[in-house]
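Visitor: Could you walk me through this chain and its charged pairs? I would like to follow along in the viewer.

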Amino acid sequence: LQLYDNGRYTCRGWLSSFPSPWEDSAPVTVTVHGVPVSGVSLSAQRPGAQVALGDRLVLTCAVAAGTGPLSFSWHRGGSGAQLGTGPRLELSHVGDNDSGHYQCRASNGDSVAESPTLNVTVL
């Protein structure tokens with residue numbers, strides 16, 4: 001089911017009786033509730049999230065549960081500044097200032113959940 005499947009439904013059946021061979025059931029109201037976002041996790045392509053100066057680092061945000069569509073935002077060091085907006089954050093040439101605690105947030109418009117922080121170390 002999707003959220004847009006909310007509505008009233010009836011069933012029409014062939015009874016082959018007079019005056020009309022068709023008969024409708026009583027209407028049933030279906031309400032679809034969204035599942036809150038939960039189980040947000042963060043992983044790095046590099047073991048231990050250690051990367052050499054100038055190398056590329058890709059961080060991935062995953063959601064265990066939640067009805068979509070989902071949106072993502074990336075943050076470092078508890079800052080409100082947004083670093084990216086997809087399920088992946090790519091740092092193509094890491095510098096010294098890219099070290100820190102990274103976190104992703106996932107939202108479905110009704111709920112928001114955050115991943116645990118991941119400490120990225122630039123060597």
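Here are some questions and answers about the chain shown above.

Visitor: What should I know before reading the values?

Guide: Happy to start there: this is a predicted model, where local features need pLDDT of at least 70, side-chain atom pairs count only at pLDDT 80 or more, and totals for chains, interfaces and linings use all residues. Side-chain values use heavy atoms, leaving out hydrogens and water, and residues are numbered from 1 along each chain as its sequence is written.

Visitor: Which residues does UniProt list for "domain: Ig-like"?

Guide: The name comes from an unreviewed UniProt entry; feature names are shortened, positions follow the numbering used here, and annotations may be inferred rather than shown by experiment. In the model, that stretch is 0% helix and 48% strand, with its end C-alpha atoms 60 Å apart. Strands (E, at least two residues) and helices (H or I, at least four) are DSSP runs numbered from the N terminus. The entry gives residues 27-121.

Visitor: How many salt bridges does a search of the whole structure find?

Guide: Side chains of opposite charge can pair when their charged atoms come close. Here a salt bridge is a side-chain nitrogen of Lys or Arg within 4 Å of a carboxyl oxygen of Asp or Glu. The search finds five.

Visitor: Which side chain meets D24 in a salt bridge?

Guide: D24 sits in strand β3 (residues 22-24), and its partner lies twelve residues away in strand β2 (residues 12-14). D24 is partly exposed at 42% relative accessibility, a class between buried (under 20% relative accessible area) and exposed (over 50%), using a 1.4 Å probe and protein chains only. The pair meets at 2.8 Å, N to O, and the partner is R12.

Visitor: What is the N to O distance between R105 and E114?

Guide: R105 is partly exposed, with a relative accessible area of 26%. E114 is partly exposed too, at 44%. Their side chains form a salt bridge at 2.6 Å.

Visitor: Which side chains of β9 are buried?

Guide: Side chains alternate along β9, with R88 and E90 on one face and not buried. E90 also forms a salt bridge with R56. The buried side chains, on the other face, are L89 and L91.

Visitor: Which residue stands opposite L91?

Guide: Look at β7 and β9, which run antiparallel and are joined by four bridges; two strands pair if DSSP finds at least two bridges between them. Opposite L91 in β9 stands L57.
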